[in-house]
Structure formats: C-alpha cells, structure tokens
Amino acid sequence: MYPTFTGSSRRPRNVNLSGRKPAAAPSRTTQFSRPPAIPTSVLHAQHERAQREAARQRLRAATTVQRVWRGRREAEAQRVKWRKEWDSLFAEGAGGNFGRGSDLGKWIEYGVTLFLAFYERGRRPGRHRERDSGDLLRMKALVLFMAQYLSRASEKSCLRVRARGVDGRGNLMMEKFGKLLIEVLQEGVLTVVSLRVLPSLAVELPGIVDASYYKALSRITTSRGSSPEDILGAVLTPLQHVEGGDGRRDAQIHRDFAANYLVTPDLPEHLRRSGFERLKETVGFGKLIKAMSEHPGQWVIATSEERLWMLSYIIHFTPNASGSKAIDLTGDRPLVSSDFEEQRYIHVMSRLLSSVAKEASKRTEVEDISMGAEGDEGNEDVSSERSHQNRSQPLPPFVKSKLESLIQQPSITSIFSRANFSGSNDRHAKMLAGFALTLLLVFPKVKQEVCMWLCLAETKDGVSALGYLWAAVGRSKLFRGVTRDIRLAVSSLRGRNLSTDDASVRDSDNDEWNLILLFVELYGFLLLVMDDDEFFTGSGADRKARQLPLKDVENLSVFLKNLAFAMYYWGGEIMGEDRERSDGRAVFSKDQANRGWEVEHLKTVVTALLKAIYARDSRRRFLPSNHWLMTAAGFNIEGFIPAVVQEEENRHQMEGEGEEEDGEEPERQYDQAAIAALSPYERRNLRLELMSKMQHKKQRELHLAIITPRLEILQNLPFFIPFATRVQVFREFVSGDQRRRRGGFVEPDQWRAAVLSQNSQLHSPARNALDDARDSLNKHHATIRRNRVFEDAYEQFWPLGEGLKEPIQITFVDRFGVEEAGIDGGGVTKEFLTGVCGDAFTPSAIAGVDREADSGDDAYLPSDDEAENATEFGKNLFLENEQHLLYPNPISIEELKEDLIRTGCPYQEVIGDGVKPLLKRYEFLGRVLGKCLYEGILVDVAFAPFFLLKWSQQASSSKASTAVGVNDLRDLDEGLYRGLVKLKNYTGDVESDFGLDFTISSRLPRHDKTITVELRTGGEAIPVTNANKLEYIHLVSRYRLSVQAHIQTSAFLRGLNSIINPSWLSMFNQSELQTLVGGDIDTPIDVEDLRRNTIYGGVYQIGDDGVEHESIRLFWQVMRSLGDEERRKVLKFVTSVARAPLLGFGVLRPRFSIRDAGEDQGRLCSASTCVNLLKLPRYRDPKILREKLLYSVNSNAGFDLS
C-alpha cells in the first residue's frame, strides 16, 4: 500500500511528456547524489543556442582580424609612402651632402615630424621592437643635418622650436625625437654623431633630461668610443642651463646626475684627468649636496659598487680636498658659496658611508692582484652573480685613495669642529656620530688611531668630543627609556634587525643607536689609555676633560647593563627566532648591508665597555655593593643552576652534532697546492661549498647563543650572577664532564674497575683483554722521583694529553731510589700535583730544556748532571713581580735562542727544534694546573692579574674581551707604569725633552744583550710627540702585556684549555680566578664549618653516643681562640693550602681528618698533607695543646716532627 495523509492508498499518476524514462529519486541518506536528469528537449535547445553563439563569435573575430589587418596594411602603406617622401626630400642628406641652402632649420623640423610619423605610427608604448636599420640611417641623417645646422648657426640655438606658435606642436615633436634619440643611445647606436646635438637639445628641450638621459651618457662614457669633450658638453649643459631658474627642476637634474652618472666607474680615466677636473669645477657642489640630501631615495638604491664610486667622486669634489690629502672642515668661513651646508654634506656622506661600510671594510685590505686565474669564468650563468658578488675584489686605486683621505688626522679631528655644545641640536650630533662611526667600521685596521683622533677632537666652543657626545646620548630617548625599561631595547633592536619599513624607526631609532654606539666605541678606547688616577678624579667641572664624572659613569653602567642583558637574554626575540625550528637555521639572520653595523657588533662593544667599567670598580670600589647583580624583570635567580647545567648539556650535544656534520671537508681550504691544481670551475664550486659551510656554522653558533642565554651571560657578563652561584655552576660543569668521559663512574676506583670490565667484554681472548686494560690504566700511573718531580711528571704524563682528566696514580721514589710505601687513594695525587706546581712555578726553579730535537712527542730527558747544571741550557718558566705574583717569563724563548746560537746550532734548528721542548713544558704546566682545577685541589700559587685576565678572555670574542691596558702594566712593572703616566701628563715638548721613538728594548741579563723591537712599522724613524704619545703609551702597554710573552702564554693556555673548557673560565674575573686556584684569602677561616666536616680516626672516632673525645674538644677550643692568620697556618700545615675551599670544607677532598698519635704529652703534632690528616697526641691541657700545635705549625715540617 502507498500511504498518504489523505487516507487514500492509490499511487498518483506520473505524467512524463519527454518520452524519456525518468531517473530514480535520490536517496535522502546519500551525501553525494546524482542530479536529476535533464529532459532531452532542453539539452537539444541548449546545444543549438551554443552553436549560434559560437558562430557569432567567429564572425566578430573575423571582422576584428580583417579590421586590424586592413588597418595595419593601410598603416604600413602610409609609412612606406612617408618613407619615400622622406627619402626623396632628404636623399642628399642621407648621402652626406648638406648643401641644402639657408633654410635648413625648417627642413630639419619637417624631417623630424615626418620621421616620427612613420616611425611612431602603429608603435605601442612600452613594447620593445627591433629597430629597422633603414630608420636608424634616416635618424643618423637627421642628426647630421642638426650638427651641420649647429655648426653654421651663430648662437647654437636648436631650430627655435618655441617660436612655432601656441600649439607647441614643433616642441612636442622635437621632444619626442630627443627621447627617441636617448633610447637609441642607450642601445649603443649613433653615439658619436648624437653627442654633438645633445647639448642644444637639452637646453631647448629640458623635458628630455631625466634619469635615462644620464644613464645613456654613463654607457657612452664607459664605451670609450666618444670624445671626452663631447661627453662633458652633454653632461654639463643641463646642469648649467635651467629654464627660468626653476629650483625644483634644477634639483631634479642634479639628483638624476648623481644617481645615474656619478655611479660611472673610473671617470678620471674615461674623461681624462683634465676633463674630470673640469667636471669637478663646473658642477655646483652645494646644489649637488642639497639635491642628494633632500631626496636620497634615488641614489641609495644603486648597487654597492656604484655607491663606492659615487662616494669617491663626492669626496674628490669636496672643496679643499684636492689640494691636500685630507678633508679639513675647520675654519669659520663656508667651504664654498652660501648654498653649501655642512650639515647636508655630513648627512649625505654619512648615508653613503654607512651604505658601503661592510663592502668597503671587506675590500680595503684586499691586495690588488691580477684576477686572470679566474678570467675564463666569464661565461657563467646569471645564477652565479651572487657568488661573484661574494668574492672580495680589491678596491679600485682611485676609490681607495679617496676613502683613505677621510682617515687623516686633520679630517678626523675636524668632524666636530663646527658643532656647538651650548646648543641642543641633537640632529646635528646624530649626523656627525653616524659619519664618524662609519669611518670606524670601514677602516677596522686603523680603528685605534681613528678613536684616538676623535678623543682628541673638540667642538667649536672648546668642549671635548666625548663630552659633546655624552650630552647628546643623555638626552636621547633610547638612553632614558632603556635605563627605565629594559624591554624597550628589545623592541627597538628587533625592529632594526628585521628591517622594518617604518620610517620613524629607521631614521629616529637608528640615528640614536649610531650616537650611542660611537660613544661606546670612543669611551671604551679611552679607558684603555686612561690611568686610574685620571679616571677617579673626573668631576665634570672642566669642559675639556674627557673623563666622565663618577655619577655619570654609574648612570652609563646602568644603561649598558640593561642593554647588554637584553641582547643576551632575549637574543632570540631580537634576532627573530623561529621557535618552531630546532636547527641552526631557526634564527633569522639577514645581511644589513645598508645599516652599517649589526646587532652582534653592538653587543660586542657594549660588553667590552661594561667589562672595562667593572674592572675599574673591582680595583677600586665606586659603585654600590650590589650594583652589578642583575635583578631585571623576567630573570629569576632561583633555579638558575639546574637551568644553566641543562643548557650546557644541550650545547655540548649540539656542538657534537655540528662537528659530525662538518666532517673534515673544510680542511681542504688550507691545502693551497691542491687548490691551485683545480680548474677555475672546480675552484668556484669549492669556494661556494666553503662559504655555505661557514654560513651554516655561523647560523649554528648564533642559534646556540640564543638557546643558551644563561650560558651566554655567564660567559660574557659573569658579574651579573653571584660568585658563589658561579662556583657551584663550575663544579656542576666539571661533574657533568666527568660523567660523560667516565661513563657515569666518577669515583676513581669505580672507573678503573669499569675500564677492566669493559675491555674484558669488548675483546677476546680474555687474556689479551686484561692486558689491554692494564696497559690503559698503566698510562695513568707514574713513578716520580722526589728530586725530579716536574721532569718525571712531564716525561710520563705528556703523552696523555686530554686524558690527564682521568684519575691518575702516583708512586713516589725517595732520594735513595726506594719506592715509598702506601696506596694512592687521592692524597698522594694531591701531593704530587701541588709538588709539581710548587717546583715549576717557583721563579728560581730551572726547567731542563732539551738540547736535542724531540722525536715525535717523546721528549729527551736530561741526565741528573745536566739537570743540576741546567742554567746553561734552561730558562725560568715563570717570573714574579714586586708583589710576588707570577707571570710567564717573556724573555725565556729569546734567552734559549741565544744559548743555542752560542752552541753553534744553525738558526733554523734553533727555531724548529730548540724552542718546541720549552713550549711543551709550558703547555704541560697548563695541563697540571687545569688538573688541579678539575679535581678541586687548591694550590698555593698566586698569579699576576694581567695574566689571569687572559684565561677569562679565551672563550669570548676577541673584540668583546677586555683588552689589557696601561693600568694592567702596574702588575708587571711598576716603574714603567709610572713613567708612562708621567709621559701622558707631561705638558712640555715630549719630542725634545724625552727623545723617544716607537721602539722598545728588552734586555737578556744572562747574556748581557739588548733586543730592540719596533712598536709599529718604521717605528725607529717615528718620534714620540705630544700628538701621538697616547698611541705610544698604548703600544708599549700592549707589547709588554700581550705581545712579548704571547707564545709562552698561548702554550700555557693551550694546556689549560685541554683540561678546563675556556667557557668555564670566562665565568670569572682575575681575582675570582685566583680564588678558584688557591682559595679565598680574604674570607676568615670558619672553625665551625671545619668542625662539622671533619672525620676522626683511632680513639678519636665518635661513638654511638655522639660525644667527642676530650682532646678533640680541647683542639676546637684552641682553634677558636687562635687568630685568623694562625688558623690559616694550621690549615696549611694539614692541607698544604692556607685557604678554605670556595664552597666550604664540605667539598674538601680528601676530607679534613684527625687521628690520635699516642699519649706522650711532649710529642709534637704532625701531619700527612697528602690525605689532609692531622696526627694529634691525646693532650689533656689546652695550654700544652696550643703550644705544641703552634710550634709544629711554625716549624714548617711534617713527618719528621713525629
């Protein structure tokens, strides 16, 4: 049945008039249903309608084609007709006969109109087409007619086109022809004849003078096919003839000239010297600078190569620049006419310099060598353009000479000569700062000289340039904002780094950053040459003084602290980190070529200055006690240690992965012979490959720095974190390294057992496995003679290298050759390490040096007789200053060379084989000291602060590290330091009164010989004057502190770094490193802490009742009654070190121990320093205990007292 709502069960009739069976209705449950069938009649009607529409379209298309074809045919017929007419009228002209009569001007106008009629008819604007050779000949004929007419005309006026009536049709046709002529010139056609008429066309038709006009002239100039006179006429005429004195039009022409013609390479050669000088004299320099400064957008888009040429021409055109080697801006009168403004000039020069700073700095020092070896790469595809641009080419001689004219002393010192301190024109200060800063970036090799000249510069009203800059910095929005809100630095630097298009950010913030960066550069240099007395006497009363008042230094340090912390802690946000990626490419790093400097450079110089101020405050406190600790929002010291340890683990893992990716391929770049044998194509591929790897490595390093912000702060700004926290972090780093190296078995005995077990499992048969394991452990065991501790240690442990980190075992042999009884449980190793340090670091100790060459790494060991008479062949490895602080002997190598030369050794043998053993001993000594730090063993050795400074500088970039300065010289030679300070403050004639030159002498006392070294090239002929005495002071300090002992210091640090990661040492300053090596001498001995961490043996062992022995209670009673100096003597008597461990006596290994030594009340106390054991008789009277203890301590003896 068929149910319905009406109650009827009959199905209704379905009437279908189409004659087609209907399709079944779609199911309601089907998501994608077929549409209902369309009736056949409807489909047929639609098909017929489509056919009719297609027919109409074909008809319309045929009509259009016929119309276009007929139009083109008629147009072509008309062009042919006009061409025939033109040819019939100008046939003689085309043939070169110009005897047309006196009315040549009208013929030329008619010829131009007729030519444009058939040449332009049917041509669509903007669509390039091949030029007909016949039309080019006709154009040439017209140009020749114009040249003939101009040669006859008295006033060289072109055709008097303006007199043709109000319609201006003649002017329009001639202007079209002029632009067409310029298009043809750009394609290299009709060059010679066209130049003769261009000047007149440019005067009569100023509309043709635009960017394309000067682009065409630039191409003609470099083609070497035209006369320089003709070129100059076309170039200069538009600049000299501006209709009605229109200022806007004049400025536009000068901008087009600068942006399109002053970018032409090597104009002096193409125009010849006389023509180039004529160009300089004719160009209105003031108008040119004004036009460029008002709309710099036209010329800043040029390529870096073009901007370099433009900059060199601007420098050459600068008044007073051609007659001397320097640009001098001093003087009260303007450099040229009143239309020249120095501020506009500085603005243009600053923009130009900053846009080419990176390119020029890379190419300034490249030698001008022949590039013919790669000359056959000229057929490379356009895709190789990037590799070509990345290749460092030498600067052209003209460009290099003009850039160097900017860094002469008169040029530098005159930069601020027109600034006025009393005014508040910060815009002028920012422009000057941008210009001066760019000079520092372009010429990094003369950065110190430029900084010195800028520090000596003064403003118009006699204020030092530093004072002028500091006042502008203090008023800047960024300085005030970052001092209050650290996040402002993040947002501003992020916007600059990501190249925002916001003009206010680009101009305002960038100018302020330039101002701040220049001040940081100059003040950082000033602190290098300024002694502490001058630094701490700054009051601000003297306007010419260069030192800031201490209150201003405090304000500056707050700003620098916030800025530096922001760049390290939020580095990822500043650089545009992609947090979704975990590889080295997660950091957005873009070449900021037009910005002049990158955020990384700002971070480097800010870090260096912050360290320099911190060093001053460390030597003599002038800032609050907790001033340097970072308390910024978002930084929580709680949980810092586990977080930074995890970052260290992540960095170690990523560095390992990076080394696996790099492989050994980069080593190929050092094989010059193999590279020379490659074909040019292979060399290019190799260069691209190395560049890609270097870029990837840089990205990975940047990524590591960003994902480990706490590590970066510890490495570069450690004073932001409390010292005790850093010591704990150091010990955690060491523990983590021990776990990685030893497979989780940190304790020596467990590690030795693990070595035996692993070797037995990895090898077979078992007998050989056991022998291999024993051989591996035997390398870490040494037999040491008491009278030759250092040499025996060197002979047996030198081959270990980095393996010295693993536990070692020592067996001592006395003077009679008998092995001393006992098992090394750690105490003998400690005695051995402290003994090696005591022997080697004693200035009077002599290290035997091989007279024969080493064979590989196996050093020749002198005999006992040679050791006793080592003064003939050996050298003191370390010397001490007046405060008994140690530093590497700077003349040890020179004295060794002199020794070997006097023995008759050839010079090459002296250099190659004689010095190597000495340097190996320095390196081994670095390993030994590193081993002490690694194991937490304190040694009673004190180093000079300038030497310790080099330890902490290794992991930091060389630019960011705190360079040693004249103040550090006090730790080396107090007399030399005072002499240099006297020289710096001397107001008389330094040259005549002192008679110094740029050389320095060193005396070899054992040989009565003096060695003289030049501080700079040709220094023997350069006298020290009042102008360069600061440079002399800086170079003397640098030589004595860094250069003279560089080889010895590098060898020592190489050994130290093989045991201790340099980044771990960078967490501490000089005084903190000394504390790390020898303990804290300033903190009093905490008796209660020592008591809590003491273990007892024998009858002194505490029982279950927890009560101490009576003698032990008396001992601690006496210890509390002793002064700190006497407590230190007791501590040294037992442990060999007078200082407490940095983290308390709980970390002392072996633990401080007391054992009974009998009941004899007359017996003295004794000690075993190897195990930190005090042997204390069971005294019953505190007076006797105190007397015996102090007698034993002051006797400076140990076992023999028993």
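This report describes one buried histidine, the aromatic pairs and two charge-over-ring arrangements in a predicted model.

**His254 and its surroundings**

His254 belongs to helix H9, which covers residues 247-260. The relative accessible area of His254 is 1%. Because the limit for a buried residue is under 20%, His254 counts as buried. When residues up to four places away in sequence are left out, His254 touches Leu239, Gly284, Lys287, Leu288 and Ala291.

**Aromatic pairs**

Across the whole structure, a search finds 53 aromatic pairs. One of them joins Tyr614 and Phe719, whose rings are stacked, with 4.2 Å centre to centre and 20 degrees between the planes. Tyr614 is located in helix H28 (residues 599-619), whereas Phe719 sits in the loop between helix H32 (709-716) and helix H33 (723-741). The pair therefore ties together parts that are 105 residues apart in sequence. Tyr614 and Phe719 are both buried.

These two residues also belong to one aromatic cluster, which is formed by Phe565, Tyr569, Trp570, Tyr614, Trp628, Phe719 and Phe720.

**Charges over rings**

Two arginines lie over the faces of tryptophan rings, as the table sets out.

| Arginine | Ring | Distance from the ring centre |
|---|---|---|
| Arg496 | Trp597 | 3.5 Å |
| Arg927 | Trp798 | 4.1 Å |

In summary, His254 is buried in the predicted model, and the stacked pair of Tyr614 and Phe719 is likewise made of buried residues.

Key. Residues are numbered from 1 along each chain as its sequence is written. This is a predicted model: local features need pLDDT of at least 70, side-chain atom pairs count only at pLDDT 80 or more; totals for chains, interfaces and linings use all residues. Side-chain values use heavy atoms; hydrogens and water are left out. Helices (H or I, at least four residues) and strands (E, at least two) are DSSP runs, numbered from the N terminus. Buried means under 20% relative accessible area, exposed over 50%, partly exposed in between (1.4 Å probe, protein chains only). Contact means heavy atoms within 4.5 Å. Rings of Phe, Tyr and Trp (its six-membered ring) pair if their centres lie within 6.5 Å; planes under 30 degrees apart count as stacked, over 60 as edge-to-face and the rest as tilted. A charge sits over a ring if NZ of Lys or CZ of Arg is within 6 Å of the ring centre and within 35 degrees of the ring normal.
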